[in-house]
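Please find below my notes on this model, set out as numbered points. They are meant to be read with the structure open alongside.

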Amino acid sequence: MAENHHKVVIIGSGPAGWTAAIYAARANLAPLVLQGTQPGGQLTITTDVENFPGFPEGIMGPELMEKFQAQAERFGTQVIYDTVTEVDVSKRPFKVVADDGTYTADTLIVATGASAKWIGLESEQKLLGHGVSSCATCDGAFFRNKEVLVVGGGDTAMEEANFLTRFCSKVVVVHRRDSLRASKIMQERAFANPKIEFIWDTAVEEIIGSKETGVTSVTLKNLKTDEVKSFPTQGVFVAIGHQPNTSIFEGKLDLHANGYMKVKPGTAGTNVEGVFACGDVIDHHYRQAITAAGTGCMAAMDAEKYLEALEMSVASV
Ligand code: NAP
């Protein structure tokens with residue numbers, strides 16, 4: 001086989017990808033991980049991770065991902081910083097085309113994750129991890145007794161707002177329309193929460209602050225009256241949805257209507273034999289590092305079983 005052929009190629013390097021690599025490497029499958037544009041995935045844009053078991057003092061997101069990688073490499077995982085642009089899963093070996101090379105694989109593990117949607121402000125990216133977040137579960141506890149903003153009107157925004165009231169003294173939901181998209185039950189819960197207030201028909205135009213001070217205020221624009229005002233706040237949680245990173249698989253692997261990848265229930269198997277998926281790319285519900293790691297383990301074990309069956313069928317020919 002060519003030098004670029006591997007038994008297992010893993011696309012993506014978040015908790016799912018690295019866990020799949022650890023398991024595949026320990027099964028002597030010498031997996032290749034193609035890291036993608038954001039090595040380490042979403043955890044690299046968060047600060048302290050306090051809910052990953054095994055780290056009672058908490059750990060920084062990037063450091064946790066370095067530990068995952070080191071553990072995968074210890075058992076023989078090959079890691080390449082390369083971004084996949086195209087896949088061919090119509091026949092085996094599967095073909096993976098990336099910016100710097102083409103790879104072939106007997107099994108493919110898709111761990112490309114999901115990305116939070118952002119408003120699109122420069123200040124939003126500058127203050128990410130310094131008062132701006134897209135994950136209340138990850139960062140909410142850093143805003144104890146503070147006043148924060150949640151942007152969005154869907155279930156995620158309501159869930160984040162409710163969750164944040166455990167820590168924050170006040171949570172203001174800023175929504176671009178005058179009615180919520182969220183399900184009735186989530187709306188009712190948010191309306192009934194005395195710590196949650198709403199600002200309707202409004203967009204966040206600018207986030208003010210610095211890495212030293214954190215967020216200090218936002219500029220809000222009423223979309224009906226065009227009135228612009230400064231609004232003091234100490235945190236901004238952007239909750240306008242997530243997007244699974246599945247565009248390169250469209251038309252090649254079965255996806256749900258919302259873009260997330262389909263797997264057979266209770267497994268990591270996609271509709272193509274030998275192609276497995278794990279982590280946030282298959283999960284729009286839990287979206288936690290620990291659940292991603294769990295399905296990463298499943299994908300590697302499923303791939304190992306598939307390869308065993310393949311070798312047995314080749315041997316018996
Ligand atoms: P969503 O339903 O698509 O809602 C996104 C919200 O963000 C909408 O209110 C939208 O406004 C707003 N928005 C979108 N782009 C924006 C922008 N550029 N600027 C300002 N606002 C923007 O996304 P989601 O809330 O993440 O939910 C995704 C799916 O997961 C849904 O099916 C939801 O039911 C499900 N979910 C369920 C639960 C639960 O049941 N516990 C929890 C979370 C998510 P408009 O309304 O004006 O479009």
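1. In this predicted model, T165 is in contact with V171, N193, K195 and I196, leaving aside its neighbours within four places in sequence. One of these partners, N193, also engages T165 through a polar contact between the two side chains, at 3.1 Å. The residue sits in the loop between α5 (155-164) and β12, and with a relative accessible area of 11% T165 is buried, the cut-off for that term being under 20%.

2. Helix α7 (residues 289-315) is a useful check on the geometry of the model. At 1.5 Å a residue, its 27 residues should span 39 Å, and the C-alpha atoms at its two ends are 39 Å apart, so expectation and model agree. Residues three or four places apart in an α-helix point the same way, because there are 3.6 residues a turn. With that spacing in mind, one may look at the buried residues of α7, which are A289, A292, A293, T295, G296, C297, A299, A300, A303, Y306, L307 and L310. What covers them includes two helices, α1 (15-26) and α2 (61-74), together with the strands β1 (5-11), β8 (101-110) and β19 (275-277).

3. Which residue forms a salt bridge with E311? The partner is K7, with the closest N and O atoms 3.7 Å apart. Since E311 belongs to helix α7 and K7 to strand β1, the pair ties together parts that are 304 residues apart in sequence. Neither side chain should be described as buried: E311 is partly exposed at a relative accessible area of 45%, and K7 is likewise partly exposed, with a value of 34%. β1 is also among the elements that cover the buried residues of α7, and the salt bridge can be inspected together with that packing.

4. The structure holds six salt bridges, and a second one that deserves a look is formed by the side chains of K224 and D178, at 3.4 Å from N to O. This pair links distant parts of the chain, 46 residues apart, with K224 in the loop between β15 (214-222) and β16 (228-232) and D178 in the loop between β12 (170-174) and α6 (184-192). K224 counts as exposed, at 58% relative accessibility, whereas D178 is partly exposed, at 49%. The two residues should not be treated in isolation, as D178, D201 and K224 are linked in a network of salt bridges.

5. D226 combines two features that I would examine together. Its side chain meets that of K221 in a salt bridge, with an N to O distance of 3.9 Å, which can be set against the cut-off of 4 Å. In addition, D226 has a positive phi of about 65° although it is not a glycine. The residue lies in the loop between β15 and β16 and is exposed, with a relative accessible area of 52%, while its partner K221 is partly exposed, at 23%.

6. Two further backbone features call for inspection. A30 has a positive phi, of about 40°, without being a glycine; this residue is placed in the loop between α1 and β2 (32-34), where A30 is partly exposed, with a relative accessible area of 45%. Elsewhere, the peptide bond from R92 to P93 is cis, with omega near -5°, and P93 lies in the loop between β6 (84-88) and β7 (94-98).

7. Which residues come nearest to the ligand? Of the 14 residues around it, the nearest are D155, T156, R176, R177 and R181. Among the polar approaches to ligand oxygen atoms, a polar side-chain atom of R177 lies 2.7 Å from one such atom, and a polar side-chain atom of R176 lies 2.9 Å from an oxygen atom of the ligand. G154 takes part through its backbone, a polar atom of which is 3.3 Å from a ligand oxygen. The protein covers 70% of the 910 Å² of accessible area that the ligand has on its own.

Technical notes. Residues are numbered from 1 along each chain as its sequence is written. This is a predicted model: local features need pLDDT of at least 70, side-chain atom pairs count only at pLDDT 80 or more; totals for chains, interfaces and linings use all residues. Side-chain values use heavy atoms; hydrogens and water are left out. Helices (H or I, at least four residues) and strands (E, at least two) are DSSP runs, numbered from the N terminus. The expected span of a helix is 1.5 Å times one less than its number of residues. Buried means under 20% relative accessible area, exposed over 50%, partly exposed in between (1.4 Å probe, protein chains only). Contact means heavy atoms within 4.5 Å. A residue is near a molecule or strand if one of its heavy atoms lies within 4 Å of it. A polar contact is a pair of N or O atoms within 3.5 Å; within protein, one must be able to donate a hydrogen and the other to accept it, and residues adjacent in sequence count only if both atoms are side-chain atoms. Accessible areas come from the Shrake-Rupley method with a 1.4 Å probe; for residues, only the protein chains shown count as cover.
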